[in-house]
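Here's a quick look at the charged pairs in this structure, and at what surrounds them. Have the model open while you read.

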Amino acid sequence: GVTYGGVDRSQVLLKKATAYISQRDEHFPLLTVRETVEFALRTVFGLDQLRDPGDAKASHEELLKVWRLAVDLHLVLLGIDHVADVMVGNDQLRGISGGQKRRVSSAEMLVCRMP
């Protein structure tokens, strides 16, 4: 049968483990890699969505720390943490490489699928 990393397909939640990623890498060229992924997360969830309704004591600063940790984790997992503070760039503005842009697109999609 079909397995994913040795795990039987009946034990894998494919909707949580996969994401559609467009063939076109379209980013704001003046944002850094980290800012781009944070923007995607903020656009999908908004800061208030990260707040646990049962935890009224969670401060804005604590939530931002968790948010940044999640973004940084995705950058490490995709091997683009070393360019986290580099502008993405475009045809007119030097930035990261094409392969790195592809991984930024992947990071945007994956971070927005967090549980």
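D85 comes out as exposed in this predicted model, because its relative accessibility is 60% and the exposed class starts over 50%. Which residue does D85 form a salt bridge with? The partner is R34, and the closest N and O atoms of the two are 2.6 Å apart. That pair ties together distant parts of the chain: D85 is in the loop between α3 and α4 (98–111), R34 is in helix α2, and 51 residues separate them.

R34 has a second acidic partner to look at. Its side chain also meets that of D72 in a salt bridge, at 3.0 Å from N to O. Here too the link spans distant parts of the chain, with R34 in helix α2 and D72 in helix α3 (residues 60–77), 38 residues apart. Put the two pairs together and you get a network of salt bridges linking R34, D72 and D85.

How much of R34 is accessible? Its relative accessible area is 23%, so R34 is classed as partly exposed. D72 is partly exposed as well, with a relative accessible area of 28%.

How many salt bridges does the structure hold? The count is three, and here they are side by side:

| Salt bridge | N to O distance | Residues apart |
|---|---|---|
| D85 and R34 | 2.6 Å | 51 residues |
| R34 and D72 | 3.0 Å | 38 residues |
| R68 and E38 | 3.9 Å | 30 residues |

Now for the R68 and E38 pair. Their side chains meet at 3.9 Å, N to O, which still counts because the cut-off for a salt bridge is within 4 Å. R68 belongs to helix α3 and E38 to helix α2, so this is another link between distant parts of the chain. Is E38 buried or exposed? E38 is buried, since its relative accessible area is 18% and buried means under 20%. R68, by contrast, counts as partly exposed at 42% relative accessibility.

One more residue is worth a stop: T32. You'll find T32 in the loop between α1 (14–17) and α2 (33–49). At 13% relative accessibility, T32 counts as buried. What does T32 touch, leaving aside its neighbours within four places in sequence? The contacts are A84, D85, V86, M87 and V88. So D85 turns up again: it is in contact with T32 and forms a salt bridge with R34.

Notes. Residues numbered from 1 in each chain as written. Predicted model: local features only at pLDDT ≥ 70, side-chain atom pairs only at ≥ 80, totals over all residues. Heavy atoms only, no water. Helix = DSSP H or I, 4+ residues; strand = E, 2+ residues; numbered from the N terminus. Buried < 20%, exposed > 50% of the residue type's maximum accessible area, 1.4 Å probe, protein only. Contact = heavy atoms within 4.5 Å.
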